[in-house]
Amino acid sequence: MSWLQISIDTSEAQAPLMERLFENLGALSVTLGDAGDQPLLEPKPGEERIWHTTRVTGLFEAERDADELRSAINQALNCDLTRSLQLQRLEDRAWERVWLEHFHPMKFGRRLWVCPDGQLPSETDAVIVQLDPGLAFGTGTHPTTALCLEWLDSLELAGKTLIDYGCGSGILAIAALQLGADKAIAVDYDPQALEATRYNAVRNGVADRLTTHLPVEIPDAPAELLVANILAGPLIELAPKLRELLKPQGRFALSGILVEQTGSVTSAYEHFARLDPARQLMEWMLITGNKR
């Protein structure tokens with residue numbers, strides 16, 4: 001099976017019109033993406049945002065005539081967009097395995113490795129988290145996750161409980177358990193993320209030491225460690241809650257913070273914590289510290 005893919009870069013105002021036009025022309029799917037390297041972070045509940053320059057991509061049946069589609073688009077918009085349209089024939093592939101072609105074992109800190117299925121490092125002292133791309137975000141490839149994994153590798157975790165707030169795939173909770181933590185509590189608003197975390201915990205042999213919870217279900221028992229890899233806005237709003245989840249002197253790490261957001265996040269935590277110097281990887285920051 002194959003498909004005809006048509007893409008066009010357009011303005012924020014015109015993107016909904018192009019989306020509806022592709023749908024009316026029989027597109028099997030229509031997706032919107034960033035055409036100008038503009039990050040979109042932290043929309044408010046119910047708020048919809050799209051990029052200033054948006055790429056609208058329609059997927060059509062392979063049998064559709066490309067020239068006919070070009071003509072129909074030009075006629076509908078009353079202008080000639082022939083040079084702006086990007087057409088591509090896509091052949092069917094096992095797309096979940098295509099991603100894995102670019103996902104290889106990765107090392108974080110001294111001994112922690114995140115590895116796809118069947119690919120293990122040769123180091124004898126390696127601590128391994130086995131993880132493939134799946135239901136939820138988090139494989140270690142993003143700088144925010146990498147910063148958290150390196151932080152976990154630097155800690156003495158034996159006998160301690162860690163709360164992973166915004167667990168995604170569960171990679172941080174599972175890494176902590178593999179590194180010696182006694183227990184991990186994974187928290188997320190998304191039930192699919194909790195499902196992915198449970199699946200990955202079973203796969204890594206740590207399911208008996210990990211529990212998953214929606215935020216309203218978190219056990220009323222402070223932990224020695226907490227990591228929250230989310231976004232700056234939620235981190236600021238959650239500061240009082242995350243404080244409650246930590247024991248006195250408890251260690252924490254906050255990630256998902258752009259360089260220019262460091263000051264505002266720091267201000268939300270410095271009144272109840274001793275903060276370490278922030279760490280940077282690319283445009284992302286990691287804030288760590290101890291609860292007073």
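# Reading sheets, helices and cores

Modeller: There are nine helices and 15 strands in this chain; helices (H or I, at least four residues) and strands (E, at least two) are DSSP runs, numbered from the N terminus. The model is a predicted one, in which local features need pLDDT of at least 70 and side-chain atom pairs count only at pLDDT 80 or more, while totals for chains, interfaces and linings use all residues. Residues are numbered from 1 along each chain as its sequence is written, and side-chain values use heavy atoms, with hydrogens and water left out.

Colleague: How does one read a sheet, and what is the order of the open sheet of four strands?

Modeller: Two strands pair if DSSP finds at least two bridges between them. In this open sheet of four strands, the order is β2-β3-β1-β4, and the pairing is antiparallel. Strands β2 (29-34) and β4 (86-91) have a single partner strand each and stand at the edges, so one side of each is left without a neighbour in the sheet. On average, neighbouring strands are turned by 25° against each other, direction ignored; axes are lines fitted to C-alpha atoms, for helices over the stretch in contact, and angles run from 0 to 180 degrees between N-to-C directions.

Colleague: Over how many bridges do β1 and β4 pair?

Modeller: Strand β1 (residues 2-11) pairs with β4 over six bridges, in the antiparallel sense. Take Q5 as an example: its bridge partner in β4 is Q88.

Colleague: Which strands does helix α2 touch?

Modeller: Helix α2 (residues 66-77) packs on the sheet and touches β1, β3 and β4, where contact means heavy atoms within 4.5 Å. The direction of α2 makes about 25° with that of β1. Helix α1 (residues 15-24) lies across β1, β2 and β3 (53-61), and runs at about 0° to β3.

Colleague: Is N74 of helix α2 buried or exposed?

Modeller: A residue is buried under 20% relative accessible area, exposed over 50%, and partly exposed in between (1.4 Å probe, protein chains only). N74, placed in helix α2, has 15% relative accessibility and counts as buried. Leaving aside residues up to four places away in sequence, N74 touches C79, D80, L81 and T82. Of these contacts, C79 is partly exposed, with a relative accessible area of 35%. For the chain as a whole, 46% of the 292 residues count as buried.

Colleague: How many disulfides does a search of the whole structure find?

Modeller: The search finds zero disulfides, a disulfide being a pair of cysteine sulfur atoms within 2.5 Å.

Colleague: What is the strand order in the open sheet of three strands?

Modeller: The order is β5-β6-β7, with mixed pairing. Here β5 and β7 stand at the edges with a single partner strand each, so one side of each is left without a neighbour in the sheet. Strands β6 and β7 pair in the parallel sense over four bridges; the bridge partner of C115 in β7 is Q130. Helix α4 packs on this sheet, touching β5 and β6, and its direction makes about 55° with that of β5. Helix α5 lies across β6 and β7, at about 150° to β7.

Colleague: Which residues touch the most other members of the largest nonpolar core?

Modeller: In soluble globular proteins, nonpolar side chains tend to be buried together. A nonpolar core is a set of buried Ala, Val, Leu, Ile, Met, Phe, Trp, Tyr and Cys residues joined through side-chain atoms within 4.5 Å. The largest core has 35 residues, of which L112, L149, W151 and L152 touch the most other members. Among the elements that each supply at least two residues are β5 (106-108), α4 (143-153) and α5 (171-178); α5 gives the most, with seven residues. W151 touches several residues beyond four places away in sequence, including L225, F252 and L286.

Colleague: How far apart are F108 and L149 in sequence and in space?

Modeller: They are 41 residues apart in sequence and 6.1 Å apart in space, C-alpha to C-alpha. F108 lies in strand β5 and is buried, with a relative accessible area of 4%.

Colleague: Where do the buried residues of helix α9 fall, seen down its axis?

Modeller: The buried residues of α9 (residues 262-269) are T262, V265, A268 and Y269. Seen down the axis of α9, they fall within an arc of 130°, so they line one face of the helix; the arc is that of the directions from the helix axis to the C-beta atoms. These buried residues pack against several elements, among them α7 (232-237), α8 (239-244) and β12 (246-258).
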